[in-house]
Amino acid sequence: MRIVFVHPNYRSGGAEIAGSWPPAWVAYLTGALRKAGFDDIRFVDAMTNDLSEEAIAARLAELRPDVVGVTAITPSIYAAERCLQIAQEVVPDALRVLGGIHATFMFRQVLSEAPWVDVIVRGEGEEIIVALMQAVRDGRWPEERRRIHGLAFREGEEIVATPAAATVKNLDAIDPDWSILEWEKYTYVPLGVRVAIPNMARGCPFTCSFCSQWKFWRDYRVRDPKKVVDEIERLVEEHQVGFFILADEEPTINRRKFREFCEELIARGLPERVKWGINTRVTDIMRDKDELWLWRRAGLVHVSLGTEAAAQLKLDRFNKETTVAQNKEAIRLLREADILTEAQFIVGLENETPETLEETFRMAWDWQPDLANWAMYTPWPFTPLFQELGDKVEIFDFSKYNFVTPIMKPEAMDRATLLDRVMHNYRRFYMRKALFHYPWRGTGFRRRYLLGCLKAFAKAGFARTFYDLGKHNYWGPQSKAGVNFNFDRTRTIARAQLDDWEAAADRASRARARRAGGFRLPEGAEVRACGGGTEQMEEA
Ligand code: B12
Ligand code: SF4
């Protein structure tokens, strides 16, 4: 039985400008499937190879799969749906499977707008895909489909969701198969080396209102650090990987395991051969300030911090539980430990003004991170903040939900001005850094790395792919009047999806009423989701 995975060709000029990145989901699913005895698995990376629709069709026709599996985050959903439509056209007998975060939560939307999708895998894929493939192989598909947890599919006019599958409890049984990828294609531009995205921890114990990740992975789990280092050692030895980022949302919260991870890398001499980066929280940096040199010795050279908003007001709204002063201090501590810092700002909520954007620039310059990003607030439709914003969200063209396109229109300015002010921040920040900082940061690794980052920015700037500026017709402040984000305003939320949200809101208000009606957990305990928040993936 031949399974073909396809990574859709979607680009938007954000993080991907730093290189061509290996899709981790393919390695993780392939590992699980091979362990379960499925050995005919192929992969088509339409994104890295920039494949046209015709080229995808030709590859599928040539490979003649029995199953086609595609991934989608929110902005790549239409490209993913199109891949499966192409599969329907050229290999109509193949089972068409879609997975990833967007379809997990928006399965009613997806099955309404793309009825050619045979089945959606909701949540972590490793165990569900194995159960699904076994059913197909053993001839139990589609008769037994209602028995497999974590799926959604159409039965005539009805959209059926089976009960949510459990999260993968034994993460140590996970053994990704990275050999499925064509390694010479994956390069990290700032260092000019091969790059990988291993995953040590899943989930996040926090519940930021704008973020979808804690909801997706649900409970927080960490793999055995030694096993993760085994994986990294194989990536270095077998695939000559010279840089990795951990895919984790929160790798450092479990201090003991993170320390073990660093010590194991050092014990095996890996920091000489591979450098790495993480995303984490400023509060962990403050807590672990005495360990930062250990992190650095283990090869950690780049920390991206969700500093998020300059104004404390915004941090509170995002439920981020951090303070502006902590952000500054965390950056200082990392700088002292010789670790590069990247500060992330989220801008573009409805109350953004030119002054608040200016304020983020001043903060960025005051804190002096090595890199700064101004991401456009993107209302993932399955987050609490989206529900709170209600009809202030008026664009439902998900292909533009990508951190670089202003989805919200701030009350005080139009979208083109918002983009222009953000570009103004980038220009000032990187111009000054390029002239006064990067070239003078010693002669060693740090300087080489920073100049490499500048090269990645410059490359995307010249090609006008940065923030999709070329597509949006932005050429600088003078071009504001001609900027066009090309939103497809015919895109709407499907009736089935709206009905589902309304039903969920009803259930939530009934639950609130029940709680208000006198039910109390012992000793004042609160009902909490396994991610630590108050929301939980629905058992359908
Ligand atoms: C590494 C990364 C990148 C890399 C590499 C992406 C790549 N080629 O895979 C780069 C830097 C290029 C990147 C770019 C972008 N990214 Co990114 N990225 C991540 C990050 C940090 C890790 C992704 C990862 O590998 N996870 C580990 C794997 C194992 O998890 P997974 O992909 O979810 O797969 C599991 C399940 O979802 C499921 N599954 C997934 N696909 C399928 C398919 C099938 C058939 C099945 C059965 C199951 C299944 O099974 C897998 C195993 O359990 C995540 C945050 C995170 N921690 O997840 C953000 C994240 C995915 N990125 C995000 C975004 C928005 C983007 C950009 C649009 C930003 C931008 N403008 O630059 C671009 C889009 C580029 C693109 N076309 O994909 C968002 C998506 C949010 C959303 N709701 O959709 C995330 C979640 C970050 C966030 N803060 O919200 N990204
Ligand atoms: S800390 Fe907040 S933004 Fe970061 S992954 Fe957790 S919930 Fe999301």
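1. In which sense do S3 and S4 pair, and over how many bridges? A good place to begin, and please keep in mind that this is a predicted model. Strands S3 and S4 run in the parallel sense, and their pairing extends over 5 bridges. To find the spot by eye, look for Thr71, which stands opposite Gly99 in S4. The path from one strand to the other is worth tracing as well: S3, helix H3 (residues 77-90) and S4 make a right-handed β-α-β unit.

2. Stay with S4 for a moment, and look at its other partner. S4 also pairs with strand S5 (residues 119-121), again in the parallel sense, over 2 bridges. Here Val97 has Val119 in S5 as its bridge partner.

3. How well covered is S4? This strand is mostly covered, with 5 of its 5 residues buried. In a regular strand the side chains alternate between the two faces of the sheet. On one side of S4 you will find Leu95, Val97 and Gly99, on the other Arg96 and Leu98, and all of them are buried.

4. Now turn to ligand 1. It is surrounded by 40 residues, and the closest are Gly14, Gly69, Thr71, Gly99 and Gly125. The elements that give two or more residues to this shell are helix H1 (24-35), strand S3 (67-71), strand S4 (95-99), helix H4 (101-105) and helix H6 (125-137). The largest share, 4 residues, comes from H1. You have met two of the closest residues already: Thr71 and Gly99 stand opposite each other in the S3 and S4 pairing.

5. What is the character of the shell around ligand 1? Its residues divide into 21 nonpolar, 14 polar and 5 charged. The shell draws at least three residues from each of domain 1 (3-161) and domain 2 (186-482).

6. That brings us to how the two domains meet. The centres of domain 1 and domain 2, taken over C-alpha atoms, are separated by 28 Å. Across the boundary, 18 residues of domain 1 are in contact with 27 residues of domain 2. On the side of domain 1 that touches domain 2, H3 and H4 each supply at least two residues. H4 gives the largest share of that side, 3 residues. By class, the same side of domain 1 has 11 nonpolar, 7 polar and no charged residues.

7. Which residues surround ligand 2? They are Cys204, Phe206, Thr207, Cys208, Cys211, Gln213, Trp214, Glu249, Glu250, Arg281 and Gly306. Sorted by class, this shell has 5 nonpolar, 3 polar and 3 charged residues.

8. A second β-α-β unit deserves a look. Strand S12 (residues 241-245) and strand S13 (residues 275-280) pair in the parallel sense over 3 bridges. Phe244 stands opposite Trp276 in S13. Together, S12, helix H9 (residues 255-267) and S13 make a right-handed β-α-β unit.

9. Finally, try Val404, which lies in the loop between helix H15 (384-389) and helix H16 (415-437). Is Val404 buried or exposed? Val404 counts as buried because 23 other C-beta atoms lie within 10 Å, and the cut-off for buried is 20 or more. Leaving out residues up to four places away in sequence, Val404 touches Ser12, Gly13, Gly14, Met376, Tyr467 and Asp468. Met376 is 28 residues away along the chain, yet the C-alpha atoms of Val404 and Met376 are separated by 5.4 Å. Gly14 may look familiar too, as one of the closest residues to ligand 1.

Notes:
Residues numbered from 1 in each chain as written. Chains lettered and ligands numbered in written order. Predicted model: local features only at pLDDT ≥ 70, side-chain atom pairs only at ≥ 80, totals over all residues. Near = placed C-beta within 6 Å. Nonpolar A, V, L, I, M, F, W, Y, C, P; charged D, E, K, R; others polar. Domains from an automatic or database assignment. Pairing = 2+ DSSP bridges. Right-handed = clockwise from strand over helix to strand, strands pointing away. Buried ≥ 20, exposed ≤ 12 C-beta atoms within 10 Å, placed from the backbone. Contact = placed C-beta atoms within 7 Å.
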